[in-house]
Amino acid sequence: MNSAAFVVIAIFTLAAALAAATLRKLMHAALSFAVAFVGLASFFFLLGAEFVGLALVFIYIGAVAVLIVFTILLTRRDVGKDRGFNWSGIVIALAMFGALTWSILKTQSLAIVAPHIRALTVKQIGAALMTTYVWPLQCVGLLLTAALIGALVLVMEEKR
Amino acid sequence: MITLGDYLIVSGILFAIGFAGVMLRRNLIIILMSLELMLNAANLSLVAFSRFRVSPAGLPNYNAQVFVFFIITVAAAEVAVGLAILVALFRARQTTDVKDISELKF
């Protein structure tokens with residue numbers, strides 16, 4: 001576990017996430033969103049979880065970011081409407097971050113260093129998905145189909 | 001050395017950034033992106049837990065990684081439906097600003 005790599009990836013990811021949540025221009029925010037997911041995927045690779053890291057890259061950078069860019073282009077009429085600043089929102093967000101940090105720091109036994117592990121192959125995850133988790137997998141497939149049909153129905157032009 | 005607590009702190013900061021985005025921004029697309037950031041902060045802590053809890057055979061606990069896989073799938077479905085609703089809303093109202101969509105507000 002490389003400390004320098006951890007620090008670099010953490011700064012990279014958090015800066016990109018902050019840019020995605022705060023930038024005024026939607027296109028720049030969407031780009032920072034994709035960059036934040038590159039950082040998250042490298043966290044997953046650093047933790048030895050290649051399968052979910054690759055799934056994150058394929059699904060988020062390959063599909064979700066492109067979908068968001070398409071939506072931005074489809075809904076491009078209102079730009080630059082800036083109205084005030086919501087101070088109560090930032091107070092609530094800071095309070096929630098404080099509560100999270102407090103509970104993390106208060107927990108015992110978190111100061112453990114990563115033990116040495118054997119590499120986890122995709123074959124093992126696939127076997128778990130096909131045996132222990134086969135019913136959840138089927139349900140997720142059904143959910144994806146329903147979401148696909150639902151999205152199509154929602155954006156279909158109404159016939160008059 | 002990097003401990004489990006460091007990963008959890010990074011995950012907490014990421015979650016707080018996403019939460020602040022949901023609370024502060026008025027654009028629906030930005031709100032959806034911030035929601036995704038919050039979901040993936042949870043994913044990061046799950047993967048960290050899986051790495052730091054090792055089974056007797058010397059493997060990481062990959063049940064957490066299967067769980068992350070399911071979360072990613074459900075989040076992708078959520079994004080597809082959310083963006084479809086957004087496009088339908090824009091067709092009907094010509095806006096993506098939450099302040100202009102407040103009919104249900106009491």
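Which helices of chain A and chain B each supply at least two residues of the lining of the second largest pocket? Keep that in mind while you set up the view. The model is predicted.

**Stop 1: the interface**

Colour chain A and chain B separately. Select the residues in contact: 81 of chain A meet 72 of chain B. Together the chains bury about 7200 Å². Of that area, 77% is on carbon and sulfur atoms. Look for salt bridges between chain A and chain B, and the count is zero. Polar contacts do turn up: seven residue pairs across the interface, with both partners at pLDDT 80 or more.

**Stop 2: the chain A side**

Hide chain B for a moment and keep the chain A residues that touch it. Step through the helices that give two or more residues to this side:

- H1 (3–22) and H2 (26–46) of chain A
- H3 (50–74) and H4 (87–106) of chain A
- H5 (122–130) and H6 (134–155) of chain A

Pause on H3(A). With eleven residues, H3(A) gives the most to this side. Now colour the chain A side by class. You should find 63 nonpolar, ten polar and eight charged residues.

**Stop 3: the second largest pocket**

Bring chain B back. Select H3 and H6 of chain A, then add helix H3 (63–93) of chain B. Here is the reply to the opening question: each of these three helices supplies at least two residues of the pocket lining. The volume of this pocket is about 430 Å³. Its lining has 20 residues. To centre the view, pick the ones closest to the pocket centre: Leu67(A) and Ala151(A) from chain A, with Ala80(B), Leu83(B) and Ala84(B) from chain B. By class, the lining has 18 nonpolar residues, one polar and one charged.

**Stop 4: the cavity**

How many cavities of 30 Å³ or more does the structure hold? There is one. The largest cavity has about 30 Å³ of space. Find it by selecting its lining. From chain A, take Gly48(A), Ala49(A), Glu50(A) and Phe51(A). Then add Leu120(A), Thr121(A), Val122(A) and Ile125(A). Chain B brings Gln65(B) to the lining. Show H3 and H5 of chain A as ribbons, since each supplies at least two residues here. Colour by class once more: the lining divides into five nonpolar, three polar and one charged.

**Last look**

Show both spaces together. H3 of chain A supplies at least two residues to the lining of the second largest pocket, and H3 of chain A also supplies at least two to that of the largest cavity.

Terms used. Residues numbered from 1 in each chain as written. Chains lettered and ligands numbered in written order. Predicted model: local features only at pLDDT ≥ 70, side-chain atom pairs only at ≥ 80, totals over all residues. Heavy atoms only, no water. Contact = heavy atoms within 4.5 Å. Buried area = accessible area lost by both parts, 1.4 Å probe. Salt bridge = Lys/Arg side-chain N within 4 Å of Asp/Glu carboxyl O. Polar contact = N/O pair within 3.5 Å; in protein donor to acceptor, adjacent residues only side chain to side chain. Helix = DSSP H or I, 4+ residues; strand = E, 2+ residues; numbered from the N terminus. Nonpolar A, V, L, I, M, F, W, Y, C, P; charged D, E, K, R; others polar. 1 Å grid on protein atoms, 1.4 Å probe; cavity = no way out; pocket = protein on both sides within 12 Å on 5 of 7 lines; lining within 4 Å. Points joined across faces, edges and corners; volume = space filled by probe spheres on them.
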